[in-house]
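The following exercises are to be worked with the sequence and the predicted model at hand. Each task is followed by a solution in steps.

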Amino acid sequence: MQFHVNGFQGSQDPLVTQYQGTEPDFQTSLPQEVDVLIVGAGPAGQLLGAQLARFPNITTRIIESKHGRLEQGQADGLQCRTIEIFEAFGFSERVLKEAYWVNETTFWSPTEDGKGLRRSGRIRDTEEGLSEFPHVILNQARLHDLWLDCMKWSPTRLEPSYSRKMVEMTLPKGDEPVHVTIERTDAANQGRREQVKAKYVVGCDGARSGVRKTIGIEMKGDFANQAWGVLDALIVTDFPDIRLKTAIHSAEHGSILIIPREGGFLARFYIEMDKLKQDERVASKNVTAEVVIDRAKKIFAPYTFDVREIAYWSVYEVGQRLTDHFDDVPKTERDQRNPRVFITGDACHTHSAKAGQGMNVSMNDSFNLGWKLASVLHGRSLPSLLHTYSEERQDIARVLIEFDREMSRMFAAKPKENASADDADSVDPAVFQDFFTRQGRFMAGLQTRYKPGSLTSSDTTYQHLARGYEIGTRFQSDVVLRVADAKPIHLGHTMDADGRWRLILFNSSIASPSSPSTALSTLCAFVEKHLIPKYTPSTSDIDSLIDVRAIFTHSRQTFEITDLPSLLLPHKGKLGVQDYEKAFTDEVSYGFGGGELYQTRGLSKEEGCVVLVRPDQYVSAVLPLSKEAEGMLEGFFDGVFVEVGKGSGAVNGL
């Protein structure tokens, strides 16, 4: 964590950014003009708000129809990848301290006589080495509070404007703003309308999205003929795996997925209910909590299931639905105009809850979009960059839908040994367990791989120099040792959600860190003297757009940090103080491991390499550590950034 860059900050909490001026009022009224209007304050809307709130010169507002903070959430599972994102926003420790850690998953099937249950398998929930973070469970309402804190600590002090719903939206012609009519729903202002002009609108407003309907996008897919109950309860049972994530297939009464909750006592149960008839909806079944509990008791038998208190319950239908694109520009018009309205999360993809994907994928949608909006609004990128949001995330959602369809089918299928001979949908318990194991990376949120495009290089010529950093995948973190103070640091944790690109230079073992004639030193000089000035205004910090870090194979005791290229010891802030946190070594730290980065990630010690990482932590390119990298980097960034002094192309000249 860095602070004091612009002067001594005092003894206040460094997480709470100092705010200059009068604290803004987000509840009384909305501005007539904003840069970004976010509709919906769920996890996707809050992450997007937290991202944009970090930029004081971007005016962002979030409207939410509820009258205040969420008190009872429905989602609870947080993937490893999601915790990595929380680390980028500065609150992963708070989540990890409070949450339930999902370390194992067990599987239960009917006994041979079909009258009981037996544990048929046990697996590690997340594959060893996938992430430094675990898969955890935390109530959605608590997560909302953490996002609210994150926004409140930001330079803009952003918070949702409650008791407001969007009632009308007029799409722009050309560079005109989007006109949005908002209606107040609080008692004191019931029915009063506000008019807002927004450069961009983002619909994070759920499966019944008003934003989606306004831009004429249709959800396509099917509702399966299967109903499920969900129950958060405090129970007493003699079932031994109640504090483990557990999938139970009974002989005759369906399946249950157990998700232990934070706090040590509460658990969530996804309970298979009766199949629905063609065109039948679960709302017509008049299912009560007692019906859900009775089904759970039958599935658990002969184990007891004594409910002492219900915290939350509901019933829902399994269905997989997806939109063709995630913005207001049809695919046939993408070469004619740029998007101004976007949808995220449940507004563009819906599926079952059992794999814990919904909230996680929704937040990843927003993380993909947020830095792109900021780059365009700052005039650093052309508005055409925003096409990449729908291009990238719609592909990911399509894979999710297919995965969820297969998982839902397996959950609802009878165990093979208890099914009739003509039951084609039966599943072997061993096959079901194997499916979980094979899909572990997907369920951890770590299977995403973006296709080649303007932000992801198609050139894999030098991929062999960094086999563990596959182009298009997220940059996986490892422990390195900081040169200046010998502190062990997870390299990925230096990549905050601040909209910056990362250029990671891995030095070769042959080249001395202190030599001014090495390939690393030569490349640093090019980046400092030519590449950064080409895209970064002279009034900004040298690393405000492209953040360069270097990792050396040599021991930190064999060279002085002051002998490194000046780009790795840059002067920053109002006072021109030096940043000592750009250089690291791959050596064992004091009690925290490390020293295995090159080996673990398949990095070439003999040649070194360059890894380019985009602001949402995905690898854009792997390049050689040589003169050749100069032209390759400049060519790549010419397709992303606007050259200083050449005009921003931003909406309305921002």
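**Exercise 1. Identify which residues are linked with Arg500 in a network of salt bridges.**

Solution. Begin with the acidic members: Asp498, Asp543, Asp547 and Asp579 belong to the network. Next, add the basic members, namely Arg500, Arg502, Arg549, Lys572 and Lys582. To place this network in context, note that the count of salt bridges comes to 56.

**Exercise 2. Describe how the protein chain is divided into domains, and characterise the contact between domain 1 and domain 3.**

Solution.
Step 1. Domain 1 comprises 33-91 + 138-221 + 321-401, domain 2 comprises 100-136 + 225-316, and domain 3 covers 463-639.
Step 2. The C-alpha centres of domain 1 and domain 3 are separated by 32 Å. Contact between these two domains involves 15 residues of domain 1 and 15 residues of domain 3.
Step 3. The size of an interface is often given as the accessible area lost when the parts come together. For domain 1 and domain 3 the buried area is about 1300 Å², with 48% of it given by carbon and sulfur atoms. On the domain 1 side, Arg81, Trp371 and Arg380 lose the most area to domain 3, and together they account for 44% of what that side buries.
Step 4. Between domain 1 and domain 3 there are eight residue pairs in polar contact. Helices α2 (80-89) and α7 (358-377) are the elements that give two or more residues to the side of domain 1 touching domain 3. By class, that side has five nonpolar, three polar and seven charged residues.

**Exercise 3. Trace the salt bridges of Glu84, and determine whether the residues concerned are buried or exposed.**

Solution.
Step 1. Two salt bridges are counted between domain 1 and domain 3. The side chains of Glu84 and Arg474 form a salt bridge with an N to O distance of 2.7 Å.
Step 2. Glu84 also pairs with Arg81, their closest N and O atoms being 2.9 Å apart. Arg81 and Glu84 are three residues apart in helix α2, which means that about one helical turn separates them.
Step 3. Arg474, by contrast, lies in the loop between α10 (440-443) and β19, whereas Glu84 lies in helix α2; the pair therefore ties together parts 390 residues apart in sequence.
Step 4. Arg81 and Glu84 are buried, and Arg474 is buried as well.

**Exercise 4. Explain why helix α1 is largely enclosed by the rest of the structure.**

Solution. Helix α1 spans residues 43-52, and 10 of its 10 residues are buried, so the rest of the structure largely encloses it. Among these buried residues are Pro43, Gln46, Leu47 and Gln51. The cover over the buried residues of α1 includes the strands β1 (33-39), β2 (60-64) and β11 (193-203), together with α2, α4 (140-152) and α7.

**Exercise 5. Locate the positive phi angles of Ala486 and Gln617, and the cis peptide bond that joins Ala301 and Pro302.**

Solution.
Step 1. Ala486 is not a glycine, yet its phi is positive, about 60°. Ala486 lies in the loop between β19 (479-482) and β20 (488-490). With a relative accessible area of 13%, under the 20% limit, Ala486 is buried.
Step 2. Gln617, also not a glycine, has a positive phi of about 75°. Its loop runs between β26 (609-613) and β27 (619-623). At 5% relative accessibility, Gln617 counts as buried.
Step 3. The peptide bond between Ala301 and Pro302 is cis, with omega about 15°. Pro302 is found in the loop between α6 (289-300) and β16 (306-322).

How values were computed. Residues numbered from 1 in each chain as written. Predicted model: local features only at pLDDT ≥ 70, side-chain atom pairs only at ≥ 80, totals over all residues. Heavy atoms only, no water. Domains from an automatic or database assignment. Contact = heavy atoms within 4.5 Å. Buried area = accessible area lost by both parts, 1.4 Å probe. Salt bridge = Lys/Arg side-chain N within 4 Å of Asp/Glu carboxyl O. Polar contact = N/O pair within 3.5 Å; in protein donor to acceptor, adjacent residues only side chain to side chain. Helix = DSSP H or I, 4+ residues; strand = E, 2+ residues; numbered from the N terminus. Nonpolar A, V, L, I, M, F, W, Y, C, P; charged D, E, K, R; others polar. Buried < 20%, exposed > 50% of the residue type's maximum accessible area, 1.4 Å probe, protein only.
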